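Please walk through the structure shown below with the sequence at hand. The paragraphs that follow begin at a single residue and then widen to the helix around it, the nonpolar cores, and the empty spaces.

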Amino acid sequence: MSHRDMFYACRLVAVLLICLDVFAGDKHTGPDHAAERRKHSVELEDVVIVIQSQRNSYHARRSGQRKVEILQQAARLGQGVPVIVLLHELSQYEGDWSILPALPRLFVKYGHSASWLFFIEEETKVTLSALLEVLNRYPAQEEWFLGKRLHDNEASIIHHYAFSEDPSSFSYPDTTAGWALSAPLLKRLTERIRSENLKSDFTIDLKHEIALFIWEEGHGPKLTAVPEFCTEPRDGCATAFTTYLPDCGHPVSKNDVFVAVKTCQKFHSDRGHCGKTFAILRRFLGKAVPKADWLLIVDDDTLISLPRLRQLLRCYDPKEAVSLGERYGYGLIQKGYSYTTGGGGMVLSRTAVSRLLSSSCGCYSDDAPDDMVLGRCFTTLGVPITHSPLFHQARPDDYSEEMISTQHAISFHKHWNVDPVAVYRYWLQDTRPRDEL
């Protein structure tokens, strides 16, 4: 072999050795890279699922059942177990339902170990494998606010006419489909709540107000729409919602519901909302009217489906102190109180009315806002305000059409610029009119 041939042969061997070394290096570093990728992937142990539960016995039982279902699903999946928190058990403070007071508590308990907080309602079904696929699409070390997008079609009174020039430009989550916060966002929100002197006023629509707080006038993230967060079940969904109007058996009897309408012109000048309401409460417990388990108090411009109400009431125990309707809050950041809005209809069990009237709590003036006074009284007495989004303080046009079209609404309120008969027939009527009463 010539010197030239030997030179090229050596060169070839050198190239081959270099290539083999590179391949061997890849072989050794490949698993390290994979391990690095796995280190940043989200597992079930990295997820805290917060069920937005309530203290009322029916809702506590339903949320407990949802927790068991999720844990059983995790066991079948064999990929670890998420932390599951029932919101009403997080602390003794009733106002945790408004989320902002709960965030610092959630951060203290889980902020340093969890990558994601995922909020669901008690009737939201979750497919854990699909949820993990969704969460792993978004880097958990960044700030993320995920959910199914809702928006207003027109400026709404319940959202204080926010974004009135273009209501559809602002998105807020459909809480029935679930919504998620990444750990870095949870940390920053907690710091804001702790350090800022937050305005504490009315809590009206939780999902819209949470989105506004997170957005922080453009300084925080907007909602990122996730198509796998669903209300209607379909292939590929991580969540699906069942119903706010469950089948708990036969509707309660018509004779078990006493309906009181607040209207009487001759008393308008000298007896206000609170005075009327407490007169109704005393009459309800008196001997002048037939004994009934439930009291419904409505305004004279409230539209209500009594058949749907009777179906819903079957889920509740009238021997328990129940205050039911659309829940609002006042001053909840500063340890305020919750109340059932009067216009959407206030439902009270006989036990709740009896506890209220046997206490020293009452109107500070006859024309005081009755719903807020009742809320303050029930909070003092330890009676939880139970929320059902089937009751509505405003008109159908004031809510997201996509949201209310999936409900079986029980009530709406106010007759401004609407035909109340048409609204009733379209949104509330199930049966022939003579069967409604």
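Is Thr277 buried or exposed? In this predicted model, Thr277 is buried, with a relative accessible area of 0%. The residue has its place in helix α7, and, when its neighbours within four places in sequence are left aside, Thr277 is in contact with Lys262, Ile297, Asp370 and Leu374.

The helix that carries Thr277 can be followed along its own length. Helix α7 runs over residues 273-285, which gives it 13 residues, and from its first C-alpha to its last it reaches 19 Å, close to the 18 Å expected at 1.5 Å a residue. Thr277 is one of the buried residues of α7, a list that also holds Cys274, Gly275, Lys276, Phe278, Ile280, Leu281 and Phe284. An α-helix has 3.6 residues a turn, so residues three or four places apart point the same way. The buried residues of α7 are covered by elements that include the strands β12 (257-262), β13 (294-299) and β18 (346-349), together with the helices α9 (350-357) and α10 (370-381).

From this helix the view can be widened to the protein as a whole. Its secondary structure comes to 12 helices and 20 strands, and buried residues make up 52% of its 437 residues. Of the contacts in the protein with a separation of 6 or more, 75% are accounted for by residues 24 or more positions apart.

The nonpolar interior comes next. The largest nonpolar core has 50 residues, and those with the most contacts inside it are Ile99, Leu103, Leu106, Phe119, Phe145 and Leu181. Helix α6 (residues 206-215) provides the largest share of this core, namely six residues. For Ile99, the residues touched, not counting those up to four places away in sequence, are Gln52, Leu87, Phe119, Trp179, Leu206 and Ile210. A second, separate core consists of 28 residues, among them Trp116, Leu135, Ala140 and Ala180.

Helix α6 appears again where the protein leaves space open. Rolling a probe the size of a water molecule over the atoms shows where empty space is left. The largest pocket holds about 750 Å³ of space, and of the 25 residues that line this pocket, Leu100, Lys199, Glu209, Leu212 and Phe213 are the closest to its centre. Strand β9 (202-203) and helix α6 each supply at least two residues of that lining, and the largest share, seven residues, comes from α6. By residue type, the lining of the largest pocket divides into 12 nonpolar, seven polar and six charged residues.

Cavities are a separate matter, and a search of the whole structure finds five of 30 Å³ or more. The largest cavity has a volume of about 650 Å³; of the 35 residues that line this cavity, the closest to its centre are Glu121, Tyr244, His387, Ser388 and Pro389. Helices α2 (57-77) and α6 and strand β16 (327-330) each supply at least two residues of the lining of the largest cavity, whose residues divide into 16 nonpolar, 11 polar and eight charged. In the second largest cavity lies about 100 Å³ of space. Its lining is made up of Ser53, Gln54, Arg55, Leu87, His88, Tyr93, Glu94, Asp96, Trp97 and Arg327, a set that divides into three nonpolar, three polar and four charged residues. Leu87, which belongs to this lining, is also one of the residues that Ile99 touches.

Two lysines in loops deserve a closing look at the backbone. Most residues other than glycine have a negative phi, and most peptide bonds are trans. Lys335, although it is not a glycine, has a positive phi of about 60°, and Lys414 likewise has a positive value, near 80°. Lys335 lies in the loop between β16 and β17 (337-340), whereas Lys414 is found in the loop between β20 (411-413) and α12 (420-428). Which of the words buried and exposed applies to Lys335, and which to Lys414? Lys335 is exposed, because its relative accessible area of 58% is over the 50% cut-off. Lys414, at 19% relative accessibility, counts as buried, because the cut-off for that word is under 20%.

Conventions: Residues numbered from 1 in each chain as written. Predicted model: local features only at pLDDT ≥ 70, side-chain atom pairs only at ≥ 80, totals over all residues. Heavy atoms only, no water. Core = buried A, V, L, I, M, F, W, Y, C linked by side-chain atoms within 4.5 Å. Buried < 20%, exposed > 50% of the residue type's maximum accessible area, 1.4 Å probe, protein only. Helix = DSSP H or I, 4+ residues; strand = E, 2+ residues; numbered from the N terminus. Contact = heavy atoms within 4.5 Å. 1 Å grid on protein atoms, 1.4 Å probe; cavity = no way out; pocket = protein on both sides within 12 Å on 5 of 7 lines; lining within 4 Å. Points joined across faces, edges and corners; volume = space filled by probe spheres on them. Nonpolar A, V, L, I, M, F, W, Y, C, P; charged D, E, K, R; others polar. Expected span 1.5 Å × (residues − 1).
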